[in-house]
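Here's a pair of chains to pick apart by asking how each label is earned. Take a look first, then we'll go through it.

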There are 2 protein chains.
Amino acid sequence: MAQNIYDDPDFFRAYSGLPRSVNGLDGAPEWPSLRALLPDVSGRRLIDLGCGFGWFCRWAVNAGASEVLGIDISEKMLARAVAETADANVSYERKDLDDLDLPPSKFDIAYSSLTLHYLTDLDRLFTTVHDSLVPSGVFVFSVEHPIYTAPSSPQWVADPTGRVTWPLDQYLAEGPRSTDWLTAGVLKHHRTIETYVSTLRVAGFVLSALREWGPSLEQIDQEPDWSRERERPPFLLVAAQRD
Amino acid sequence: MAQNIYDDPDFFRAYSGLPRSVNGLDGAPEWPSLRALLPDVSGRRLIDLGCGFGWFCRWAVNAGASEVLGIDISEKMLARAVAETADANVSYERKDLDDLDLPPSKFDIAYSSLTLHYLTDLDRLFTTVHDSLVPSGVFVFSVEHPIYTAPSSPQWVADPTGRVTWPLDQYLAEGPRSTDWLTAGVLKHHRTIETYVSTLRVAGFVLSALREWGPSLEQIDQEPDWSRERERPPFLLVAAQRD
């Protein structure tokens with residue numbers, strides 16, 4: 001069972017103030033790179049695993065998707081998603097992705113943004129997603145990069161010369177990590193890149209793209225504070241195809 | 001052009017004393033994992049890119065390979081390889097992998113151990129290797145892990161509590177890294193996992209396995225000093241198939 005931190009009132013209030021909660025996809029600097037991994041959604045049936053406020057679901061129907069199903073564990077997020085979605089081709093369901101069941105060969109494209117690192121059982125979900133896709137269906141997702149989730153103390157360190165580094169440890173020790181992000185005790189599950197790649201393969205996917213995302217130099221010109229994010233990638237973006 | 005540090009007398013002397021130079025494959029703790037990525041070599045034609053002292057070439061003919069070609073830039077290493085190889089099915093050539101040419105559809109298996117991070121032009125080599133393999137031919141290689149090659153100061157750091165971390169920076173800044181390993185000024189080329197994966201794909205390979213290698217808990221029981229290597233993986237092991 002995944003932790004449902006998004007329904008914690010303090011977490012929800014803080015999360016709701018983030019640029020990506022206020023401005024949607026335009027507030028997520030990795031969105032252009034993630035979007036580039038997606039095939040044309042026009043006329044396709046999509047599922048969004050961890051849909052949050054529904055920004056991606058609404059983008060997809062606006063881009064021509066015939067049907068979009070958003071799944072999330074958070075009651076508060078889904079309430080806002082429903083309130084902000086007018087299109088009848090979008091529907092939402094409240095489910096824990098750790099024990100999700102889906103109809104077979106139902107979707108053309110599965111999508112997930114910054115959600116899978118909260119789950120305890122990736123093998124089960126990847127098999128469920130695989131079986132729910134049509135042959136040659138596509139699965140595109142982002143997660144926090146394993147370099148980002150691994151450390152026992154995930155905080156920048158400045159040495160006496162002013163050099164800033166990311167103190168990596170525990171990379172090969174997969175498992176839960178309790179961190180303080182927006183509120184105390186947010187529970188994530190650290191997995192290596194090897195595990196993401198091999199779990200996809202075991203589930204029956206062929207990897208088609210892997211991106212270690214950091215802000216572009218143009219983005220840093222706009223937001224100089226982001227330059228540290230090039231010292232170690234914050235996100236991993238993946239595209240795979242049903243075999 | 002790759003740096004030929006192995007022909008530097010001080011480097012060569014120090015390298016010749018390493019366990020993997022004295023004991024061959026049995027002295028390389030990642031060898032069992034790399035070997036597990038190889039198909040059966042029996043009756044196959046192999047090429048070893050960066051063959052060094054020829055340990056792998058001799059292992060392959062002993063395991064039944066019909067023909068093995070070892071390539072290396074180092075005159076000193078090849079001299080010892082030739083002197084220690086009796087089998088007529090093994091041959092060696094001195095070449096810089098940065099401008100290697102190979103006959104088309106000549107090999108069943110291409111292999112490379114801890115060599116590719118010295119090269120300046122990976123795109124060219126991967127295309128050359130691809131074209132030199134028969135259809136469905138296999139390419140298996142190890143490199144220093146990008147987490148290992150990235151830092152401006154690749155040294156363990158102990159904090160006041162005794163916790164030891166790897167000070168990661170510059171991960172997304174690909175390019176040369178001059179480090180002191182056995183001797184000063186060893187020149188490596190840092191690339192991200194994304195680049196290894198996408199360069200394979202562009203060359204026409206399909207990724208079949210990716211391993212972020214660290215010593216197993218059993219190996220650490222034998223060699224307690226290796227436990228730090230689980231804090232961040234020292235090697236990346238990859239298998240791919242010609243499309």
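**Strands, copies and contacts**

Glu144(A) stands opposite Phe235(A) in β11(A). Keep in mind that this is a predicted model.

Q: What makes β5 and β11 of chain A a pair, and in which sense do they run?
A: A pair needs at least two bridges. Strand β5 (residues 133-144) of chain A and β11(A) have seven and run antiparallel, so the pairing is earned by that cut-off.

Q: How do you know that β10 of chain A pairs with β11(A) too?
A: Count the bridges again: eight of them link β10 (residues 205-213) of chain A to β11(A), in the antiparallel sense. One example is Arg211(A), whose bridge partner in β11(A) is Leu237(A).

Q: Why is β11 of chain A called mostly covered?
A: Buried means 20 or more other C-beta atoms within 10 Å of a residue's own. In β11 (residues 235-242) of chain A, six of the eight residues are buried. For chain A as a whole, buried residues make up 47% of the 243.

Q: Why is chain A called as compact as a globular protein of its length?
A: Its radius of gyration is 18 Å, and the globule rule gives 18 Å for 243 residues, so the label fits. The C-alpha trace of chain A spans about 55 × 40 × 35 Å along its principal axes, and its secondary structure comes to nine helices and eleven strands.

Q: How do you know that chains A and B are related by a two-fold rotation axis?
A: Rotate by 180 degrees with 0.0 Å of shift along the axis, and chain B superposes on chain A with an RMSD of 0.0 Å. The two copies are thus related as by a two-fold rotation axis. In chain B, the C-alpha nearest that axis belongs to Pro167(B), 2.4 Å away.

Q: What joins β7 of chain A to β7(B)?
A: Three bridges do, with β7 (residues 164-168) of chain A and β7(B) running antiparallel. Among the partners, Pro167(A) is bridged to Pro167(B).

Q: Which elements of chain B give two or more residues to the side that touches chain A?
A: First the totals: 27 residues of chain B are in contact with 27 of chain A. The elements are β7 (164-168), α8 (193-203) and β10 (205-213) of chain B. By type, that side of chain B has 14 nonpolar, five polar and eight charged residues.

Definitions and conventions
Residues numbered from 1 in each chain as written. Chains lettered and ligands numbered in written order. Predicted model: local features only at pLDDT ≥ 70, side-chain atom pairs only at ≥ 80, totals over all residues. Least-squares fit on C-alpha atoms with pLDDT ≥ 70 in both. Helix = DSSP H or I, 4+ residues; strand = E, 2+ residues; numbered from the N terminus. Rg over C-alpha atoms; globule rule 2.2 N^0.38 Å. Buried ≥ 20, exposed ≤ 12 C-beta atoms within 10 Å, placed from the backbone. Contact = placed C-beta atoms within 7 Å. Nonpolar A, V, L, I, M, F, W, Y, C, P; charged D, E, K, R; others polar.
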